[in-house]
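Biologist: I'm new to this one, so could you walk me through a single part of it up close? Pick a sheet and whatever packs around it, please.

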Amino acid sequence: MIDRELDSILKCVEKPARYTGGEVNIVRKNPDNVDVRMGFAFPDTYEIGMSYMGLQILYHILNKNERIYCERLFAPADDMEALMRERGRKLFTLETFTPADELDIIGFTLQYEMSFTNVLNMLDLAGLPVRKEDRLKAAEGGAHMPLIIAGGPCAFNPEPLTDFVDVFLIGDGEELLEKVCEAYADAKASEGDVRSAFLKSIAGLDGVYIPEFYEISYHEDGTISGVRKAAAFAPDTVTRAVVRNIDSIDFPTENIVPFIDTVHDRSVVETFRGCTRGCRFCQAGMIYRPVRERKPETIKKLAMEQLANTGHEELSLLSLSTSDYSKFEELATELMGLCKAQNVALSLPSLRLDTFSFKVLDEIQGYRKSGLTFAPEAGTQRLRDIINKNITEEDIYGAVRQAVELGWEHIKLYFMIGLPGETYEDLDGIAQIARNIMDINYEIRGRKGGRFRVTVSVSNFVPKAHTPFQWEAQDGPEDFIEKHNYLSSKLRIKGVTFNYHETVTSNLEAVFARGDRRTGRILEAAWKNGCTFDAWTEHFKPELWDKAFDICAGEFGFSSGKELEAFYNYRKRSEDEILPWDIINSFIDKNYLLEEKHRAERAETTPDCRLGCNLCGVNEYTECFV
């Protein structure tokens, strides 16, 4: 029940339903009848977090366990946070309005590096010291301190958050998180130090990284000189957790239905996990290997049950590349019929635009043809070969021609700039592709061309851990701005719109994507300066980030914040350098990543894994798709 104080606060904020809970399919338990209470913390607003399918999956799995109560925590918007701080109201769960500091475990999902300041802010809003060492001191003084854990794709380089997080969970969470919660329940039931007993009991589990069990040393130049185990029972490297058969894993069909619009307001079913394409810039394509599929009958059953239990009017299939599903034609055809019979819209993102996909899209969208999305990523074949995109101009223009002939009037093109090996000829190629697409439209429809338009969107390359490009330097802000301006001049083409990503956030993302333990000091300084919601343009404060780098520069041995940032961003790593994330075994052999880096330097491609094993290392740990 909402108390009077909270009720008075909610009357003063925008979108109070962000904070009221009570939605359809919410799980209600008696907290006194469970052994462990966990807060699943999403470090962004309710609308963003409730669109994340991983939350629904883990919430469902944990709450099926009678020993565990999983509740939800979200970052409050500015207006709500101000009132909470003014009135001394702590961050609370949506299920029972319990203050977060009373929980046993708070678990953050790390989906994007620019949400890291929100992690610190949520801990502070919960009335907890943000630093782990300060929480330990408080616990020694008798205070109750929840254990702070974190997982998600950003946890594959956990080092920037090691000052704040007790335990990182690396890899698939469906089986691992439940084991961790049960181990905590067992530790609570035993005599002695609960935290110590718990950490020792989980240290050997696949996917568990406990930072305090490892000590990092550094060379004078700031690079890592070594990693020493501080506990004999800790593993030498942490092997990621993997769900080997996703068809047998529980998937929610009674999803929570929000009272307000969310970013993705629809039913979602994951068709398969992993990708075989091998794009060299793509972290997800590496860390989610191997491909594991659900059976078509499982997908259809889950979809129909989820639609019945939620009342959603749209169904979407979730994967990294929907049409790479091995029985895609059969599945898409049957789902179209089922959805049509129920007057439900079907969304099939990430399609490979071949003849069958166009037939599917034509039937789904009919005369209401929304935009089609292509992701060439690079403007020339040479650069597409460097990044291993494995699509040709014939693929692009052949698909565009089909689209125009079938009546589509809006083509969206996604590119990346700052890629290794890029030249200005590659930027010219982006403009040429847009120009050629407009010409195809004129050729088919005549010079008037109807209302046809092309949107070119450009993002900035961010080197990521566990990819062949993890050693590469990132372009500096001046380089990105110059390239944006150059493309703006080249894309002054009638019918073409140009969008590009914010430069400074891309550079900051890279700092924490490849940062070591010491970068947590920069993060904390930025948060203390007032940085939160850094992924939101209207909230982002670059001058406060500059100040944080300046504050920390001397401690790192640099004369300025710019030099400090350059060390993490604009420096090419040597191939024999110890990388902060080397302690994490993602299944991808480091020698394979180096081979892929060298093939990129020679502009050589690597074929799709479905055509034959490329010996990336995954098959040493689990059965591959091939």
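Modeller: Let's start with helix 16 (residues 477-490), which lies across strand 16, strand 17 and strand 18 and runs at about 175° to strand 18. Helices here are DSSP runs of H or I with at least four residues, strands are runs of E with at least two, and both are numbered from the N terminus. Lying across involves contact, meaning heavy atoms within 4.5 Å. As for the angles, axes are lines fitted to C-alpha atoms, for helices over the stretch in contact, and angles run from 0 to 180 degrees between N-to-C directions.

Keep in mind that this is a predicted model, where local features need pLDDT of at least 70, side-chain atom pairs count only at pLDDT 80 or more, and totals for chains, interfaces and linings use all residues. Residues are numbered from 1 along each chain as its sequence is written, and side-chain values use heavy atoms, with hydrogens and water left out.

There's another helix to look at: helix 14 (residues 393-405) lies across strand 15 and strand 16, at about 170° to strand 15.

Now the sheet itself. It's an open one with four strands in the order 15-16-17-18, paired in parallel; two strands pair if DSSP finds at least two bridges between them. Strand 15 (372-377) and strand 18 (496-500) each have a single partner strand, so one side of each is left without a neighbour in the sheet. On average, neighbouring strands are turned by 20° against each other, direction ignored.

Further in, strand 16 (residues 410-417) and strand 17 (residues 453-460) pair in the parallel sense over eight bridges. Look for M416 there: S459 in strand 17 stands opposite.
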